[in-house]
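Biologist: Could you pick one spot in this protein and take me through it closely, then show me how the rest connects to it? I'm new to this, so please explain the terms as you go.

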Amino acid sequence: MQNETNKRVAYFYHPQIGRYHYGKEHPMKPKRIAMAHNLIVNYGLYRNLDVYMNRQASLKEMEKFHEPEYLQYLSQFTSVRSQIVNEYQHYNQQPNITHFTSHIYNEFDLLDYNIPHTHEPIETNNNYPQPNSFRVGDSTDNPSFPGLYDFCQLSAGGSIDAAHVLISQDAEIAINYSGGLHHAKKREASGFCYVNDIVIAILELLRVHQRVLYVDIDVHHGDGVEEAFLLTNRVMTCSFHQYGDDFFPGSGDIDSYGEGLGRYHALNIPLKIGMNDETFTEIFQKIITQVMDIYRPEAVVLQCGADSLCHDRLGGYNLSTKGHGACVEFMIKYNVPILVLGGGGYTIQNVARCWAYETGLCLNKKIDAPIPTSEIYYEYYGPDYKLHFPIKQNVENKNKKEELQRIVEKIYGYLKSIEPAPGICFHDLPQSFYPEMNVEEEINPDQRYEQTLNQFEGAHYEEGNEILVDPSNGFSIHRRE
């Protein structure tokens, strides 16, 4: 295990993602993704990233996991913003296009200067029936809101294409902080999650990789992902989460470990409140070391929910950004293709701090400078305006060493019971991962349509960079310098 300094990192983002709105009182704030993005840009990290624009996942892609009736119901909740995205994608398919209509000019800047600090939901008709079986709009957890379906499409599209750049070896690390929605089930919403981009991305990885490891450091159990792969040994799920006292979702006991071929391939590490950096990184490294040595995954998906940070509105841990980031850094050292996703996180300024810091770790850079004064969300980071915030003092860590050691020993026992690196019938590599293409056609994977950025009037990018448009309708807006 070694840490390489020159990994190629792909980063997926869409300027519209931060404008969706679950509701004024709802703890889930997509704006945190825009805040993280702006820190990534203002700290100069984007210079070392391949930056891609999220596209909207197609219905066909999302149906690989979700039931059509459920997706059809979600599709009723669109917004006028989807017209902007659809129009953009239409133009993106035209290799000779030289300009956009004026209302699109400012939508795709590298920095989101025109995203307001507050956003009022777009008025739309919400007089649709609310079938309880889908659990959309039947509780405050999973509201129906304007643009819901568009939000899900962008989240899933980013994770799918992030998986594709790993498969095609265009990157060793791929990041999509708008993904990581681990609670969504096959035909129902759960825990602020509607479409499970993680499951769909893993299904893409499984088209090439024999074994995929899913690691979840969100404060909540990754129940939706575990449930999806409960019966297979081609995916191992490993969730480190707060458990007990009716904490959501209530699943994730250590004695829940998979079924059938998936027996002992669903690893749950239930933890208590007060978890600190030292204790968390110790148990994480002990268990992941054994998992990597025995299971030997060919790809890793890491869900970096930031509600496991100290001061989170919903979580009960006492982790710093450095403690949280130590898990990311540890996974990177294995030099296995890794898909890094977002997840929970409800104290939004700390979520942004965390994901910006972890983007730096993916680039082998440990940023520690104060928040740049050019940051448009600068006021959110007061009063000290530092990247790393102090943890709570005099907080009791309810996780006792003896209890944690018993958890480790039990997990070790599960791992000893599985077949090391199980042999799986390996299918031929698909000719194309891109949707809406005829896989029988001969495809040159290196084919690109190139246009210089200054061809797009009104786009404020540095001259000389290239836009690379591939057949997936993905859109690269910056190549690492």
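**A loop residue and its surroundings**

Modeller: Let's start with His311, which counts as partly exposed because its relative accessibility is 34%. For that scale, buried means under 20% relative accessible area, exposed means over 50%, and partly exposed is in between (1.4 Å probe, protein chains only). Before going on, a word on what you're looking at: this is a predicted model, where local features need pLDDT of at least 70, side-chain atom pairs count only at pLDDT 80 or more, and totals for chains, interfaces and linings use all residues. Residues are numbered from 1 along each chain as its sequence is written, and side-chain values use heavy atoms, with hydrogens and water left out.

So where does His311 sit? You'll find it in the loop between strand S7 and helix H10 (321–332). Helices (H or I, at least four residues) and strands (E, at least two) are DSSP runs, numbered from the N terminus. The backbone has a quirk here: the phi of His311 is positive, about 75°, although this residue is not a glycine. Gln169 is another non-glycine with a positive phi, about 60°. Gln169 belongs to the loop between helix H6 and strand S3 (173–176), and it counts as exposed because its relative accessibility is 71%.

Back to His311. One residue that touches it is Asn350, which also touches Leu309, Cys310 and Phe389, leaving out residues up to four places away in sequence. Contact means heavy atoms within 4.5 Å. Asn350 is part of helix H11 (residues 348–362), and with a relative accessibility of 6% it counts as buried.

Now follow H11 to another helix. Along with strand S1 (9–13), H11 is among the elements that cover the buried residues of helix H1. How many residues of H1 are buried? It's 12 of the 12, so H1 is largely enclosed by the rest of the structure. Charged-looking names are on that list too, if you scan it: Lys31 and Arg32 are buried, as are Ile33 and Met35 among others. The length of H1 (residues 31–42) works out as well: at 1.5 Å a residue, its 12 residues should span 16 Å, and the end C-alpha atoms are 17 Å apart, which agrees. (The expected span is 1.5 Å times one less than the number of residues.) Just after H1 comes Gly44, with a positive phi near 80°.

On the other side of the His311 loop is H10, and Glu329 lies in that helix. Glu329 is buried, since its relative accessible area is 19%. Setting aside neighbours within four places in sequence, Glu329 contacts Leu361 and Lys366. Also, Glu329 and Asn364 are 35 residues apart in sequence, but their C-alpha atoms are 8.5 Å apart in space.

What about S7, where the loop begins? S7 (residues 299–303) runs parallel to strand S4, and five bridges join them. Two strands pair if DSSP finds at least two bridges between them. Tyr214 of S4 faces Val301 in S7, and its bridge partner in strand S5 is Thr237. S4 and S5 (residues 235–242) are parallel too, with five bridges. Together with helix H8 (residues 223–228), S4 and S5 form a right-handed β-α-β unit. Right-handed means that, with the strands pointing away from the viewer, the path from the first strand over the helix to the second runs clockwise.

Which way do the side chains of S4 point? Val212, Tyr214 and Asp216 go one way and Leu213 and Val215 the other, and all are buried. In a regular strand, side chains alternate between the two faces of the sheet. With five of its five residues buried, S4 (residues 212–216) is largely enclosed by the rest of the structure.

Two loops deserve a look for their prolines. The peptide bond from Phe248 to Pro249 is cis, with omega near 0°, and Pro249 is in the loop between S5 and strand S6 (266–271). Gly382 and Pro383 are also joined by a cis bond, with omega about 5°; Pro383 is in the loop between H11 and helix H12 (401–416).

Finally, zoom out. The protein has 12 helices and 11 strands, and 60% of its 481 residues count as buried. Of the contacts with a separation of 6 or more, 80% are between residues 24 or more positions apart.
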